[in-house]
Amino acid sequence: MTLDDMDRAILAALQRDATQTAAAVGGRIGLSQPATWRRIKRLREAGVLAGQRVSLDAQALGFGVTVFLGVKLATKGRVSLDDFERAVTAIPEVQLVEHVLGLYDYRIRVVARDLADFERVLRRRVMTLPGVGDVEANVLLSDERRPGPI
């Protein structure tokens, strides 16, 4: 799909606030509500717009610790990647699972209430997953820039 400047303006507006109406987005970018609605519909049908999300504040919900894990699988031949991915995504504290190329096979973002809670998640859940070998943990100290518009 080829995007023009109006499409990009719509995407930028929706990334800032996905709850806006087509009329509000159109008003921001100088396009009528019907034209904006048609473009949004076309972007959805093309798969460029893939849903809406609500961003929750983990700290406000009592999850004061975020840890990034690098996980290297020990038994890639015996355990399929699908089995590992299915098991790790079933852990409620796991927020993100990325299959990566490099020193580790996976990069995993885990939230926990505190370090003792994280240790429990690590020992009882992560380390017992099928095929887990080496694990490296990096505790998030500060979040200077959250993922933003593309």
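Which residue in S3 is the bridge partner of His 99? Hold that thought for a moment, and good morning, everyone. What you have in front of you is a predicted model, so please hear everything I say with that in mind. The answer, by the way, is Tyr 106. I'll come back to that pair once we have the overall layout.

Let's start with the whole chain. The protein chain has 150 residues, of which 31% are buried. There are five helices and four strands, and if you walk along the sequence, the order is α-α-α-β-α-β-β-α-β.

How does the radius of gyration of the chain stand against a compact globule of 150 residues? Such a globule would come out near 15 Å, while this chain has 20 Å. The C-alpha trace spans about 55 × 35 × 25 Å along its principal axes. The accessible surface comes to about 10,100 Å², and carbon and sulfur atoms account for 52% of that.

Two more global numbers before we zoom in. If you take contacts between residues at least 6 apart in sequence, 66% of them join residues at least 24 apart. As for charge, there are 22 positive and 19 negative charges, and their mean positions lie 4 Å apart.

Now, the strands. Please turn your view to S3, residues 106-112. Five of the seven residues in S3 are buried, so this strand is mostly covered by the usual cut-off of under 20% relative accessible area. Strand S1, residues 65-73, pairs with S3 in the antiparallel sense, over seven bridges. In that pairing, Thr 66 stands opposite Val 111. Strand S2, residues 94-99, also runs antiparallel to S3, and here five bridges join the two. Leu 96 of the chain has Arg 109 in S3 as its bridge partner, and we have already met His 99 with Tyr 106.

What do S2 and S3 form together? They make a hairpin, with six residues between them. In the turn you will find Gly 102, which has a positive phi of about 145°. Is Gly 102 buried or exposed? Gly 102 is exposed, because its relative accessible area is 52% and the cut-off for exposed is over 50%. For a sense of where this turn sits, the C-alpha of Gly 102 is 30 Å from that of Leu 49, with the two positions 53 residues apart in sequence numbering.

Let me stay in this neighbourhood and go to Glu 93, in the loop between helix H4, residues 81-89, and S2. Why does Glu 93 count as buried? Its relative accessibility is 10%, so Glu 93 falls under the 20% cut-off. Leaving aside neighbours within four places in sequence, Glu 93 is in contact with Arg 109, Val 110, Val 111, Arg 120, Val 121 and Arg 125.

One of those contacts deserves its own stop: Val 121, in helix H5, residues 115-126. Val 121 has a relative accessible area of 1%, and is therefore buried. Not counting residues up to four places away in sequence, Val 121 touches Ile 91, Glu 93, Val 110 and Val 126. So that you can place H5 in the wider model, here is one distance: the C-alpha atoms of Val 121 and Thr 36 are separated by 46 Å, and the two residues are 85 apart along the chain.

Finally, let's travel back to the early helices. Gln 15 belongs to helix H1, residues 5-16, and it is partly exposed, with a relative accessible area of 41%. The C-alpha atoms of Gln 15 and Leu 49 are 9.9 Å apart, though 34 residues separate them along the chain.

In helix H2, residues 22-29, have a look at Arg 28. At 58% relative accessibility, Arg 28 counts as exposed. Which residues does Arg 28 touch, not counting those up to four places away in sequence? They are Ala 13 and Gln 20. Arg 28 and Ala 9 are 19 residues apart in sequence, and their C-alpha atoms are 8.9 Å apart.

To close, let me return to the opening pair: His 99 and its bridge partner Tyr 106 in S3, part of a hairpin whose turn holds Gly 102. Thanks for listening, and I'm happy to rotate the model for anyone who would like another look.

Conventions
Residues numbered from 1 in each chain as written. Predicted model: local features only at pLDDT ≥ 70, side-chain atom pairs only at ≥ 80, totals over all residues. Heavy atoms only, no water. Buried < 20%, exposed > 50% of the residue type's maximum accessible area, 1.4 Å probe, protein only. Rg over C-alpha atoms; globule rule 2.2 N^0.38 Å. Contact = heavy atoms within 4.5 Å. Areas by Shrake-Rupley, 256 points an atom, 1.4 Å probe, with all protein chains shown as cover. Lys, Arg positive; Asp, Glu negative; His and termini not counted. Charge placed at Lys NZ, Arg CZ, Asp CG, Glu CD. Pairing = 2+ DSSP bridges.
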